[in-house]
Every structure is written in structure tokens, then in C-alpha cells.
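Colleague: I am new to reading structures. Could you take me through this one, step by step?

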Amino acid sequence: MLNTYMNDAYTSALYDVVKDTSVSYGYNLPEPIEAYVVMLLTSHVDKPNFLPDSTFAQTFLTIKSSKEAKELADTCLFVTGVFPDIGKAKGLNRRYYQDIGSSSYEIVAGVKHPELFNTLATHFNFLSDFIKVTVDSSKHVQNILFR
């Protein structure tokens, strides 16, 4: 019960922050995309072990299902938005993760909800930047995600 309450509280708070970012920067995200970004951020609040077991590239090359592709794409979107410098020490730039994430959403789009996942794939870099701006501009999101 407490976990459900906390998840609802995170969702509500993150929805407000995403809306505020959209208004502040003049973005008009389609409702399904806005909801997806909120869901993505909320799902990672209590998920400390979200990175793939092997490298992102190895994980991409061994995708066996749309579920695995979606998990990898979601991880890439989260990482590029919240931890944009994660690969710097290994010589990997943000674009590496964005390309893997976008390609992974394309795999999902071929199997289910093509409109949603094609939009996520096509606008991956923008959404990554949007999440980065949202996190950077909101102490509230930083408190939720980095507690």
C-alpha cells in the first residue's frame, strides 16, 4: 500500500514538473509522449539497478523480444536525460546511447503500438534533451531521482 502511494506521489510530482518544463520552454508534447516521459521517470525512482548486465551494444545485438528492446530503449532514454555524461570515462558520448535507444524503439514499433514507439524513436534526441532540461531545471525532480 505504501509503495503504491509513493508511486502515485512520484507520478503526480513528476507530471507537474514535466508540465512546468513544457510550459516554461514552449514545448507542446503530445499527451501520450508526455505520459510516457512521466512513466519512464517514475519507473526509475526506486530502480537502482537499471543498467544492462553487459554493455549497451552487446545488449542491443542480443535483443530477442520487443520487451527487451523496450527495456533497453527506456534505459537509454533515462540515462541520456538524467546522466548524460555516463559514458564519458569510457570514451562514449551521449549520441552512442541515443542511437541505441532510438534503434531499440524502432524494434518495438515493428511489433506493437507503432505510432507511439515510432514517435519515441524519431524524436529520441529531443526527448533526451527535454528530460535533461526537466531534471536540470527542477530541484524537486533531483530530490526524487537522487535521494
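Here is a short round of questions and answers on this predicted model.

Colleague: How are helix α2 and helix α4 oriented to one another?
Modeller: Two packed helices are described by the angle and the distance between their axes. The axes of α2 (residues 31–43) and α4 (residues 66–82) come within 10 Å and cross at roughly 85°. Angles of 65 to 115 degrees count as roughly perpendicular. Therefore α2 is roughly perpendicular to α4.

Colleague: Which residues of α4 make the contact with α2?
Modeller: Take the α2 side to begin with: Y36, L40 and L41 take part there. On the α4 side, the contact is made by K70, D74, L77, F78 and V82.

Colleague: How many residues of that contact are charged?
Modeller: Sort the contact residues of α2 and α4 by type. Six are nonpolar and none is polar. The charged ones number two.

Colleague: What joins the side chains of K70 and D74?
Modeller: Side chains of opposite charge can pair when their charged atoms come close. K70 and D74 are four residues apart in helix α4, so about one helical turn separates them. Their N to O distance is 2.7 Å, and the cut-off is 4 Å. The two side chains meet in a salt bridge.

Colleague: Is D74 buried or exposed?
Modeller: Start with its partner, K70: at 23% relative accessibility, K70 counts as partly exposed. Buried means under 20%. D74 has 8% relative accessibility, so D74 counts as buried.

Colleague: Where do D136 and K132 lie?
Modeller: These two form a salt bridge, with the closest N and O atoms 2.6 Å apart. They are four residues apart, about one turn of the helix. D136 is partly exposed at 47%, and K132 is partly exposed at 27%. Both lie in helix α7 (residues 124–137).

Colleague: Are K88 and D85 buried or exposed?
Modeller: The side chains of K88 and D85 meet in a salt bridge, at 3.9 Å from N to O. That distance falls within the 4 Å cut-off. As for accessibility, both K88 and D85 are exposed.

Colleague: How many salt bridges does the structure hold?
Modeller: We have met several, including K70 with D74 and D136 with K132. For the whole structure, the count is seven.

Colleague: On to rings. Is the pair of Y25 and Y27 stacked or edge-to-face?
Modeller: The structure has 13 aromatic pairs, counted by ring centres within 6.5 Å. Y25 and Y27 form one of them, at 6.2 Å centre to centre and 15° between the planes. Planes under 30 degrees apart count as stacked. The pair of Y25 and Y27 is stacked.

Colleague: What kind of pair do F50 and F78 form?
Modeller: Their ring centres are 5.1 Å apart. Their planes stand at 85°, and over 60 degrees counts as edge-to-face. So the pair of F50 and F78 is edge-to-face.

Colleague: How many residues apart are F50 and F78?
Modeller: F50 sits in the loop between α2 and α3, while F78 is in helix α4. F50 is buried at 15% relative accessibility, and F78 is buried at 2%. The pair links distant parts of the chain, 28 residues apart.

Colleague: Which residues do ring pairs link into a cluster?
Modeller: Y25 and Y27 are partly exposed, at 45% and 31%. Ring pairs link these two with two Phe residues. The full cluster is Y25, Y27, F126 and F130.

How values were computed: Residues are numbered from 1 along each chain as its sequence is written. This is a predicted model: local features need pLDDT of at least 70, side-chain atom pairs count only at pLDDT 80 or more; totals for chains, interfaces and linings use all residues. Side-chain values use heavy atoms; hydrogens and water are left out. Axes are lines fitted to C-alpha atoms, for helices over the stretch in contact, and angles run from 0 to 180 degrees between N-to-C directions. Helices (H or I, at least four residues) and strands (E, at least two) are DSSP runs, numbered from the N terminus. Angles under 35 degrees count as roughly parallel, over 145 as roughly antiparallel, 65 to 115 as roughly perpendicular and the rest as oblique. Contact means heavy atoms within 4.5 Å. Ala, Val, Leu, Ile, Met, Phe, Trp, Tyr, Cys and Pro count as nonpolar, Asp, Glu, Lys and Arg as charged, and the others, Gly among them, as polar. Buried means under 20% relative accessible area, exposed over 50%, partly exposed in between (1.4 Å probe, protein chains only). Rings of Phe, Tyr and Trp (its six-membered ring) pair if their centres lie within 6.5 Å; planes under 30 degrees apart count as stacked, over 60 as edge-to-face and the rest as tilted.
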